[in-house]
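The questions and answers below introduce a structure to a reader who meets it here for the first time. Please keep the sequence and the model in view while reading.

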Amino acid sequence: MESKQALAIVKEQLKDHRYQHTLGVMETAIELAGKYGADVKKAEMAAIFHDYAKFRQKEEMRQIILNQNMRRDLLIHNEELWHAPAGAYLVQKEAGIEDLEVLDAIRYHTSGKAGMSVLEKVIYVADYIEPGRRFPGAEEAREAAKRDLNEAMILSLQNTIMFLLKKNQAVYPMTIEAYNDLILAKR
Ligand code: DGI
Ligand code: FE
Ligand code: FE
């Protein structure tokens with residue numbers, strides 16, 4: 001699929017602010033993929049579709065998680081996590097994207113996971129540092145991404161985990177596993 005067609009499909013699913021974020025993720029993901037040796041075309045596609053399900057009804061996403069035999073523990077954790085795995089399913093079903101590497105980059109873009117591929121890391125980090133992101137820690141992760149993709153991953157995960165802890169929220173096990181995996185690999 002051409003990126004122009006992909007963008008037109010996604011634009012219909014998103015509010016304007018979220019579409020602008022998607023354009024930022026696309027631009028950043030293309031840059032990171034070139035720098036760190038991921039497939040640039042796949043990075044572009046995954047970035048365009050990564051938030052495809054962001055505005056779907058909670059109930060629809062809950063049914064997808066149940067019916068597609070996804071991890072049940074998603075349902076007891078923050079609903080913010082659901083649009084990533086539900087999105088991977090819907091992008092395949094509704095937009096006809098069949099590339100498993102692209103679908104997995106969408107699937108894991110919120111939770112992260114242990115043993116992420118370079119493409120998955122590119123999308124995770126691009127989502128965190130795209131130019132529209134202004135939250136504390138974004139600039140630090142942006143600087144790290146210029147030097148080392150894993151360092152940028154670690155900073156993003158640390159910030160997200162600390163953000164959740166400060167709000168007294170649970171942290172999804174796969175997010176902790178992503179963090180531990182990267183930290184332990186440094187030793
Ligand atoms: O969809 P976006 O807003 O672009 O970004 P995202 O897909 O990374 O969603 C991030 C939100 O998910 C962020 O506000 C934190 C929230 N969240 C809730 N529980 C968890 C979580 N994020 C992670 N990584 N792990 C959690 O357990
Ligand atoms: Fe997202
Ligand atoms: Fe996003």
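**The ligand pocket and the two iron ions**

In this predicted model, the largest pocket is the space taken by ligand 1.

Q: Which elements give two or more residues to the shell around ligand 1?
A: The shell around ligand 1 consists of 17 residues, and the closest include Arg18 and Tyr172. Elements that supply two or more residues to this shell are H2 and helix H9 (149-166).

Q: Which residues donate to the iron ion (ligand 3)?
A: The donor residues follow the spacing H-x28-H-D-x75-D in sequence. Their distances to the iron ion (ligand 3) are 2.2 to 2.3 Å, and the donors are His21 (NE2), His50 (NE2), Asp51 (OD) and Asp127 (OD).

Q: How many residues apart are histidine 21 and aspartate 127, which link distant parts of the chain?
A: Both histidine 21 and aspartate 127 are buried. Histidine 21 belongs to helix H2 (residues 16-36) and aspartate 127 to helix H7 (residues 118-129), and the two are 106 residues apart.

Q: Which residues are the protein donors of the iron ion (ligand 2)?
A: Along the chain, the donors of this ion show the spacing D-x31-H-x25-H. At 2.1 Å from the iron ion (ligand 2) lie its protein donors, Asp51 (OD), His83 (NE2) and His109 (NE2).

Q: Which residue coordinates both the iron ion (ligand 2) and the iron ion (ligand 3)?
A: The two ions are 3.6 Å apart. Asp51 (OD) is among the donors of ligand 3, and Asp51 (OD) also appears among those of ligand 2. The residue that coordinates both ions is therefore aspartate 51.

Q: Is aspartate 51 buried or exposed?
A: Aspartate 51 lies in the loop between helix H3 (40-49) and helix H4 (58-67). Buried means under 20% relative accessible area. Because its relative accessibility is 2%, aspartate 51 counts as buried.

Q: How far is an oxygen atom of ligand 1 from an N or O atom in the side chain of histidine 109?
A: Histidine 109 is buried, with a relative accessible area of 2%. A polar side-chain atom of aspartate 51 lies 3.2 Å from an oxygen atom of ligand 1, and for the side chain of histidine 83 the distance is 3.1 Å. For histidine 109 the distance is 3.0 Å.

Q: What percentage of the area that ligand 1 exposes when taken alone does the protein bury?
A: Taken alone, ligand 1 exposes 570 Å². Of that area, the protein buries 85%.

Notes: Residues are numbered from 1 along each chain as its sequence is written. Chains are lettered from A and ligands numbered from 1 in the order in which they are written. This is a predicted model: local features need pLDDT of at least 70, side-chain atom pairs count only at pLDDT 80 or more; totals for chains, interfaces and linings use all residues. Side-chain values use heavy atoms; hydrogens and water are left out. Donors are N, O and S atoms within 2.8 Å of the metal (3.2 Å for Na, K and Ca); water is not among the atoms, so sites may look incomplete. Helices (H or I, at least four residues) and strands (E, at least two) are DSSP runs, numbered from the N terminus. Buried means under 20% relative accessible area, exposed over 50%, partly exposed in between (1.4 Å probe, protein chains only). A residue is near a molecule or strand if one of its heavy atoms lies within 4 Å of it. A polar contact is a pair of N or O atoms within 3.5 Å; within protein, one must be able to donate a hydrogen and the other to accept it, and residues adjacent in sequence count only if both atoms are side-chain atoms. Accessible areas come from the Shrake-Rupley method with a 1.4 Å probe; for residues, only the protein chains shown count as cover. On a 1 Å grid over the protein atoms alone, a cavity is a set of points where a 1.4 Å probe fits but cannot get out, and a pocket is an open set with protein on both sides within 12 Å along at least five of seven lines; lining residues have an atom within 4 Å of a point. A molecule sits in a cavity or pocket if more than half of its atoms lie within 2 Å of its grid points.
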